[in-house]
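Dear colleague,

I am passing on to you the structure that follows, and below it I have written out what was found in it. Please read the notes with the structure open beside them.

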4 protein chains.
Amino acid sequence: MTTHTFTPTHYHNTMGSHEPVLRIASGDSVITTTVDAMGYDMHGQRVTRGPNPQTGPFYVEGAEPGDTLVMHLDRLTPNRPTGESGPLLAPNVVDPGWLGNIPWDTGTDDIRWNVDVQKGTASLVNPEGKLGHLTLPIAPMLGCFGVAPYDGQAISCMTSGQHGGNMDYMGFVEGVTAYFPVFVPGALVSVGDGHALQGDGEITGSGIEITFEVQFTVNLLKGKRSYWPRGENAEYIFTVGNARPLDQALQHATTEMLRWLQDGYGFTPREANVLLGYTAKYDMGNVFDPAYTMVCKMPKRYLP
Amino acid sequence: MTTHTFTPTHYHNTMGSHEPVLRIASGDSVITTTVDAMGYDMHGQRVTRGPNPQTGPFYVEGAEPGDTLVMHLDRLTPNRPTGESGPLLAPNVVDPGWLGNIPWDTGTDDIRWNVDVQKGTASLVNPEGKLGHLTLPIAPMLGCFGVAPYDGQAISCMTSGQHGGNMDYMGFVEGVTAYFPVFVPGALVSVGDGHALQGDGEITGSGIEITFEVQFTVNLLKGKRSYWPRGENAEYIFTVGNARPLDQALQHATTEMLRWLQDGYGFTPREANVLLGYTAKYDMGNVFDPAYTMVCKMPKRYLP
Amino acid sequence: MTTHTFTPTHYHNTMGSHEPVLRIASGDSVITTTVDAMGYDMHGQRVTRGPNPQTGPFYVEGAEPGDTLVMHLDRLTPNRPTGESGPLLAPNVVDPGWLGNIPWDTGTDDIRWNVDVQKGTASLVNPEGKLGHLTLPIAPMLGCFGVAPYDGQAISCMTSGQHGGNMDYMGFVEGVTAYFPVFVPGALVSVGDGHALQGDGEITGSGIEITFEVQFTVNLLKGKRSYWPRGENAEYIFTVGNARPLDQALQHATTEMLRWLQDGYGFTPREANVLLGYTAKYDMGNVFDPAYTMVCKMPKRYLP
Amino acid sequence: MTTHTFTPTHYHNTMGSHEPVLRIASGDSVITTTVDAMGYDMHGQRVTRGPNPQTGPFYVEGAEPGDTLVMHLDRLTPNRPTGESGPLLAPNVVDPGWLGNIPWDTGTDDIRWNVDVQKGTASLVNPEGKLGHLTLPIAPMLGCFGVAPYDGQAISCMTSGQHGGNMDYMGFVEGVTAYFPVFVPGALVSVGDGHALQGDGEITGSGIEITFEVQFTVNLLKGKRSYWPRGENAEYIFTVGNARPLDQALQHATTEMLRWLQDGYGFTPREANVLLGYTAKYDMGNVFDPAYTMVCKMPKRYLP
């Protein structure tokens with residue numbers, strides 16, 4: 001049960017079987033930092049390039065394909081006083097015929113936010129007309145993290161899949177436990193793309209992009225196979241599907257939840273269907289990245 | 001400001017330009033009843049056929065194409081002690097390759113629920129293994145309601161569109177104000193398909209299907225054009241898109257919210273984009289019906 | 001075996017259970033005319049409004065729900081020397097992020113074509129830069145036709161479904177036999193929306209919109225149930241799925257072909273799968289209308 | 001202008017920046033062999049594993065990001081007398097509610113084909129009921145080939161993207177010229193997944209999987225940027241979009257064709273839109289793999 005403090009010197013723009021930066025044991029914690037989505041560090045210096053540079057990968061001793069990696073997000077703290085965002089909705093989230101009404105030509109300057117971790121707020125640096133210095137409560141989350149994918153792939157941090165990646169789901173906040181299928185020896189965990197806050201769906205294509213100090217703790221469920229990212233918070237267990245269209249992401253998340261209820265909790269198929277059918281909730285992750293993200297949540301109060 | 005009590009003698013399975021059952025004035029309220037989705041009444045007698053028989057239509061005096069109808073859901077009360085549901089997830093919400101694991105052959109008997117409005121609960125009549133007599137809090141909502149569509153269409157109550165219809169959105173509960181574009185003189189409001197509760201997405205293809213006593217109050221926004229159903233509750237204004245895939249439903253809902261923010265609240269396009277991008281929330285309506293439903297919600301605390 | 005000559009005096013913008021204009025027997029033929037998609041007649045006079053006004057409906061004696069209507073397209077002849085088209089691709093057929101490169105502001109004037117039925121050509125009336133007076137071979141087809149839908153619906157001629165409607169499929173040319181499920185007594189056949197030619201997918205949202213003289217002959221397959229439009233030409237039998245996304249339209253067409261092979265030709269499920277899997281061809285109908293269209297074709301040389 | 005004969009000793013299951021097996025010059029040809037999709041060689045020996053093992057990659061001297069690689073498919077010859085196929089349609093190409101009618105339990109034995117290159121036919125080894133020894137004309141094509149993707153990615157040969165990959169398009173036959181964007185120095189061309197013939201859409205998830213002798217010739221379009229695979233045969237130029245849903249694949253293909261017409265042939269945007277709108281044709285590639293494939297074709301007779 002060691003807590004490792006790791007200072008990154010380089011970053012990866014793919015989730016893949018890269019050389020591990022550190023080997024850690026099941027039960028260990030890591031304290032490290034992430035740069036922002038474009039590769040700027042906590043001092044505002046560009047130290048690498050985007051998209052979504054990853055800190056890591058961390059090799060978890062004993063992790064083997066067929067296991068499930070447990071990754072508790074102990075702490076996610078923005079460590080820079082300003083963040084950046086895009087101002088306009090992404091072209092794919094509005095009606096194609098209405099795109100001419102988005103001010104692509106005149107309104108595209110990025111917006112900057114003062115992020116005050118003590119107060120828990122983000123405020124527009126420059127006032128935006130009627131919005132003034134719009135101030136919102138922050139909700140720091142990891143946009144892009146996970147493990148190395150199967151078949152020797154290296155998948156861009158722009159997108160996501162069964163290995164996690166750029167899911168941009170608002171629910172991956174401090175205190176949450178994430179679960180990932182292990183596809184390669186050591187799992188090869190990496191973290192990046194911190195958002196001080198993100199709108200639902202990441203419909204502008206960005207959150208408030210910022211640097212983080214991150215602490216996480218890993219464990220292993222040996223021989224417990226999972227197929228898609230999963231998670232758990234105080235109220236829910238949840239499953240994450242990544243695909244396009246959103247309908248398919250929902251199919252993946254729903255199917256993974258049925259698997260969990262049947263294999264993990266011992267429900268019969270009919271029981272799992274009834275329970276899911278009348279108590280599940282869905283959250284949207286992102287609807288901007290190449291793969292969209294849908295999350296199926298089961299209230300823990302209905303579980304044995 | 002009259003309150004009309006109306007007892008239906010026939011029902012419609014489409015939303016269309018049917019003969020009005022009653023003419024009411026802007027400001028008036030209607031107290032009436034709905035049968036369940038399959039056409040059974042509060043006594044358990046089948047009085048008509050499905051899908052989703054509508055009570056109405058009610059002609060709102062003065063409503064003209066180009067107006068917006070305001071429909072406050074004053075009261076939605078299940079008036080029968082039992083409801084029915086399907087037990088299995090719909091084939092379209094799980095991975096196609098996993099469909100063989102759904103017990104289509106052996107597990108398809110409908111489930112019945114005791115619905116106790118006083119206690120606010122629904123409980124399985126027959127125990128389901130580990131679930132026992134699963135008891136859930138009810139949250140009565142209208143699955144299918146709205147106005148007559150444009151162009152003289154009569155659209156099946158199985159599906160939904162710009163006129164409302166079978167949106168199966170959990171958010172249409174008592175106390176909510178719904179808004180619909182008026183496409184025909186009198187708007188031709190109708191209501192039906194009460195659910196004592198519904199799972200998110202209506203992923204089994206049904207809620208707890210039950211009969212309702214309904215009270216609603218209509219008003220008109222003369223000359224205020226809307227394009228998709230809208231709504232308002234204590235915390236949010238919201239817009240509703242109905243289409244497949246879910247991505248397109250989301251585009252409709254998002255676009256309609258931009259319109260509302262710009263036309264209704266006077267935001268510039270850039271302001272509307274920024275505000276929506278970092279404060280909006282999405283709810284899923286149904287992912288079962290021919291048209292899926294996605295809802296875009298804007299917290300009222302950020303509006304002028 | 002009567003040939004009826006029918007001159008329309010009014011038109012419908014929905015496919016629905018409208019008052020029949022003529023009652024015809026199985027085996028009868030009808031010679032009639034259609035106006036163009038916007039309601040202009042062969043003299044260039046606007047006699048009704050769009051979308052896609054239908055001539056009919058024609059009541060086929062003896063047609064009952066559960067039958068299949070056979071409709072042979074005997075002759076489709078443009079009867080006006082000019083047609084109209086939109087010049088620009090529809091917003092939904094290009095990448096959302098590339099829409100700014102379509103000249104929405106400056107390049108939207110409709111294009112007119114001289115249509116010469118004798119020569120079999122359509123030529124641009126006004127030269128278009130490098131394209132000059134682009135001349136293309138015509139291939140007259142019906143964009144929108146079919147029968148009345150189920151459940152008392154009246155569905156806009158902008159869209160399509162199991163009843164046919166606005167499929168905008170280039171394959172519905174003279175000499176083809178179309179088949180439609182009968183949903184209402186008399187089937188209620190109607191025809192409209194002639195295109196002198198249409199691009200694949202109708203990606204501009206229009207063909208060369210023109211008026212037609214149409215001759216068709218109806219027959220009935222009593223007690224033979226079909227679920228989606230079907231067709232037959234010299235080389236293929238084909239099935240038509242209408243839905244969004246295109247993936248779902250393809251599912252409908254493929255499933256209907258499996259049904260046809262199994263129920264109509266007596267193949268076992270495995271035989272039907274093998275045959276379809278290695279010999280079928282797909283055509284796209286439209287990718288513009290609310291419902292997209294996909295066609296599954298089976299070469300007749302592989303059928304018994 | 002050298003012709004290299006290359007005998008592979010290992011294969012890759014991803015398209016990525018792997019160590020080149022050979023360096024070739026622009027203008028050079030390569031004669032080599034491919035194993036089948038599951039890794040069996042021309043002798044029926046399993047020499048590697050699936051999916052779709054690639055022969056290569058070949059480093060093309062002088063190829064730089066921003067160039068376009070030209071790859072002429074000189075010869076594609078099946079070099080084994082038997083091929084294998086799946087018998088049943090993939091679950092994703094039929095209606096979800098109809099999946100119970102596919103004989104998953106009893107009819108899943110693979111089918112074997114005798115492939116006779118001289119006669120140009122493939123025949124079922126074992127008769128299939130009414131189909132007997134179904135005999136089809138072969139049309140040898142490459143299912144999976146292309147270049148290394150951008151951003152240091154290594155993408156599974158199960159899927160496709162801007163770099164090509166598992167497009168499973170029937171149009172990539174002998175005599176065709178394929179074009180790929182160059183994303184990495186040397187382009188890193190690879191080839192695999194030969195099909196003696198494939199059904200449209202690869203709706204069973206396989207063609208007649210077989211080994212090939214392949215000859216191809218490379219050239220470079222220096223400084224000519226492309227974004228998606230392109231191709232050319234005697235009659236058409238074409239562009240290839242890979243994504244889900246099919247609608248998005250179509251958007252990519254259509255957009256890439258507009259680019260080609262405007263940048264490569266000097267049409268104005270309006271001219272390109274008009275020409276494409278009324279003369280283009282679409283082919284479907286695959287509707288089975290994680291990314292679907294749609295092809296936009298422009299007849300060369302309308303080009304300057």
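**Strand E20 and its sheet**

E20(A) and E22(A) pair in the antiparallel sense, and eight bridges hold the pairing; two strands count as paired if DSSP finds at least two bridges between them. Helices (H or I, at least four residues) and strands (E, at least two) are DSSP runs, numbered from the N terminus. This is a predicted model, in which local features need pLDDT of at least 70 and side-chain atom pairs count only at pLDDT 80 or more, while totals for chains, interfaces and linings use all residues. Residues are numbered from 1 along each chain as its sequence is written, and chains are lettered from A and ligands numbered from 1 in the order in which they are written.

Within the pairing with E22(A), A:Phe238 stands opposite A:Lys297. E20(A) also runs antiparallel to E19(A), to which three bridges join it, and A:Glu232 has A:Ile237 of E20(A) as its bridge partner. The connection from E19(A) to E20(A) is a hairpin of three residues.

Is E20(A) enclosed or open to the outside? Eight of the eight residues of E20(A) are buried, so the strand is largely enclosed by the rest of the structure; here a residue is buried if 20 or more other C-beta atoms lie within 10 Å of its own, exposed if 12 or fewer, and partly exposed in between, with C-beta atoms placed from the backbone. In a regular strand the side chains alternate between the two faces of the sheet. Both faces of E20(A) are covered, with A:Tyr236, A:Phe238, A:Val240 and A:Asn242 buried on one side and A:Ile237, A:Thr239, A:Gly241 and A:Ala243 buried on the other.

The wider setting is an open sheet of nine strands in chain A, in the order E1-E4-E18-E6-E15-E19-E20-E22-E21, with mixed pairing. Strand E1 (3-5) and strand E21 (281-284) of chain A stand at the edges with a single partner strand each, so one side of each is left without a neighbour in the sheet. On average, neighbouring strands of this sheet are turned by 25 degrees against each other, direction ignored; axes are lines fitted to C-alpha atoms, for helices over the stretch in contact, and angles run from 0 to 180 degrees between N-to-C directions. At the E1 edge, E1(A) pairs with strand E4 (residues 29-34) of chain A in the parallel sense over three bridges, and A:Thr5 has A:Ile31 as its bridge partner in E4(A). Helix H1 (residues 246-264) of chain A packs on the sheet, where it touches strand E19 (230-232), strand E20 (236-243), E21 and strand E22 (292-299) of chain A, and its direction makes about 140 degrees with that of E20(A).

**Domains of chain A**

The domain assignment, which is automatic or from a database, divides chain A into domain 1 (3-82 + 139-221), domain 2 (84-137) and domain 3 (230-302). The C-alpha centres of domain 1 and domain 2 of chain A lie 25 Å apart. Between these two domains of chain A, 16 residues of domain 1 are in contact with 16 residues of domain 2, where contact requires that the C-beta atoms of two residues, placed from the backbone, lie within 7 Å.

**How the chains meet**

Chain B has 50 residues in contact with 50 residues of chain A. On the side of chain B that touches chain A, helix H1 (246-264), helix H2 (269-279) and strand E20 (281-284) of chain B each supply at least two residues, and H2(B) gives the most, with ten residues.

For chain C, eight residues are in contact with eight residues of chain A. Chain C can be laid on chain A with an RMSD of 0.0 Å by a turn of 180 degrees and a shift of 0.0 Å along the axis, and that is the relation of a two-fold axis; copies are superposed by least squares on the C-alpha atoms of residues with pLDDT of at least 70 in both. Of the residues of chain C, C:Pro96 comes closest to the rotation axis, at 3.4 Å (C-alpha). Of the interface residues of chain C, 100% are also interface residues in chain A, so the copies meet through the same surface.

With kind regards
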